[in-house]
Amino acid sequence: MRVFLAVGALAAAAPAQAADDGGPALNALVRARLAEEGGEPAAALAALTDVSSLAPGLPGVRGRILEQAIEAGDLAAARTAALQLWTAGDRRFDAQLVLLVDAMRRADWKAARDAMAGRSDKTGADTIARLILPTVNAWIDVGAREKQPERHLLDVSGRSRPEPALTLQVALVQLATRRADEAAALTDEIVLTDRTSQLVGLRLAATLDKAGEGDAAQRLRGRIALAAGQREDPMLLLPDQAVTTPRAGVAQWLGLLADGLARVPNGNAKLPLLFSRAAFWLNDADWAVRATLVEALDRNGQQAAATALIDGGRADVPPVLAMRRAELLADGGDLAGAAKLAETAAAGDAPRSLLVRLADIARRSEDPQAAARAYERLEAALGEDEGDQILRGSLLIARAELLLRAGQWDAAAPLMERAVALRPNDAAVLNFAGYSALERRKDVEKSLARIEAAWRQEPQNASITDSLGWAYFLTGRTDDAVALLEKAQAGEPANAVIVEHLGDAYWQAGRKFQARYTWRAAALLAEAEMATRLAAKLRDGLTPATTAP
């Protein structure tokens, strides 16, 4: 639809051009649209630049160039597009932010102030400006060596209940203007109430250390630890870095805003990318900013760019970011490489959260030895509190699953019993233990009771409904089995296991035409072993040898 609209705009923009002249511009426009839809911002940017050259009056192209330049990380192209939009009176927020970044990179504090003074006219800008303006203006004044640059932040705090994160910014600004005593005194007054204030607090503590205020830094860290508990949050696991320059100050704040925006359920993926890209352009040495941009790129469908950004030519990648790279590799299909990198990232005295992520990657890699090593390390790190016991139950199930794949029922069964004892009301644990035994025709009545208990808790769960339906099939309750398996199949129509179970139940109920129809549907979804079994059923009907496991 947008391509046809653009064709009309092209004709209106250049009516005097020869007919042939519209062809290259239209082709470039189509290339740009395909690249945008394919998640290739660099290619889209190149094509849109061609469009702009061939049809300079085409409406909307400059804005799209700006958007694709931001996605591609091309600051030069973004600056050119932003300046042209701004000059033409289109004072959109992304252009404003790019011009601010450019001015701060050049230490042109007048231009930075002018950029912030321009009013944005795009939806949402005013709300965001409330969070940006005080901090950015304070850091601009630091660069311009104005007196009391923190006044922008204090004015905001004076109108309402002070935001802890903004008050922490005041202390950072005071440290940047060599007023360490004032910053240390203010630090002791700040109450940390949320995750954002804890993250800024860690930056402030590192900056206090650098300014020679180690005692104040230690007191602050003690309160952060009290507020945050264990430092399991990925952002909290990054190295603490001091904030001493205007560029670093604005970068850390924009990065925090990007991180917060990314956590909004069903939020716009473009805003976190805009903020984190601007932050990265200001300070690419900031690990927290880099981590935020990685997440924004991944959320925007740019997994390859996210993976490449983590390394960035540096050898000192923090373990938590190395683990994130392993996860991105796994998402991209390189499971063996991901497992190897994850083990390296979690080497030594790794925090529990990294061990959990290592275990997940090892499980996905389908390398039983790597998975066993990861599970063993994680279990050794667990304590005896309730949360650890819940996690221990999951680990026992994961270890049992490895053993079952290797055909070691006698070794797996005790682990599942321990998991059920630890989590007797967990539907997933009950279903796994019950169905695993049922598959092997072990303790059928006991297994049925466990699956029924799981289903009573989660009757809408298609997998558990399938387990119960299959248990009824195996115990001769065919009509009950059909009803439940039909419900399970409706919940997960692309699950080959469920579809095969339903076909078997139809046959057992005498509904042979429906059974064959259902088996054919399952065959479209089946992998090798199941496909062979289904072919035999379609040829010979259901037999004890071809009944689903």
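This is a dialogue on how to read confidence, salt bridges and the largest pocket in a predicted model.

Student: Before I look at any detail, what average pLDDT does the protein have, and which residues have a pLDDT under 50?

Tutor: Confidence is best read first for the protein and then for each stretch. Here the protein averages a pLDDT of 88, and 91% of the residues score at least 70. Over residues 1–20, however, pLDDT stays under 50, and for this stretch the model has 17 contacts beyond four places in sequence. Residues 120–125 also have a pLDDT below 50, with 13 contacts in the model beyond near neighbours in sequence.

Student: How many salt bridges are there, and which residues are linked in a network?

Tutor: A salt bridge is counted when a side-chain nitrogen of Lys or Arg lies within 4 Å of a carboxyl oxygen of Asp or Glu. By this rule the count comes to 46 salt bridges, and E295, D298, R324, E327 and R357 are linked in a network of them.

Student: Where do D114 and K110 lie, given that they form a salt bridge?

Tutor: Their closest N and O atoms are 3.1 Å apart. Both residues belong to helix α7 (residues 109–117), where, being 4 residues apart, they are separated by about one helical turn. As for accessibility, D114 is partly exposed, with a relative accessible area of 42%, whereas K110 is exposed, at 58%.

Student: What does the salt bridge between E452 and R477 tie together?

Tutor: In this pair the closest N and O atoms are 4.0 Å apart. E452 lies in helix α25 (residues 444–457) and R477 in the loop between α26 and α27 (478–491), so the pair ties together parts that are 25 residues apart in sequence. R477 counts as partly exposed, at 34% relative accessibility.

Student: Turning to the largest pocket, how much space lies in it, and which residues are the closest to its centre?

Tutor: A pocket can be described by its volume and then by its lining. About 1,100 Å³ of space lies in the largest pocket; 31 residues line it, and the closest to its centre are E401, F432, Y435, E439 and V497.

Student: Which element gives the most to that lining, and how do the lining residues divide by character?

Tutor: The elements that give two or more residues are α22 (386–405), α24 (427–439), α26 (462–474), α28 (496–508) and α30 (528–540). Of the elements, α24 gives the most, with 7 residues. The lining divides into 13 nonpolar, 8 polar and 10 charged residues.

Terms used:
Residues numbered from 1 in each chain as written. Predicted model: local features only at pLDDT ≥ 70, side-chain atom pairs only at ≥ 80, totals over all residues. Heavy atoms only, no water. 1 Å grid on protein atoms, 1.4 Å probe; cavity = no way out; pocket = protein on both sides within 12 Å on 5 of 7 lines; lining within 4 Å. Points joined across faces, edges and corners; volume = space filled by probe spheres on them. Nonpolar A, V, L, I, M, F, W, Y, C, P; charged D, E, K, R; others polar. pLDDT = per-residue confidence, 0-100. Contact = heavy atoms within 4.5 Å. Buried < 20%, exposed > 50% of the residue type's maximum accessible area, 1.4 Å probe, protein only.
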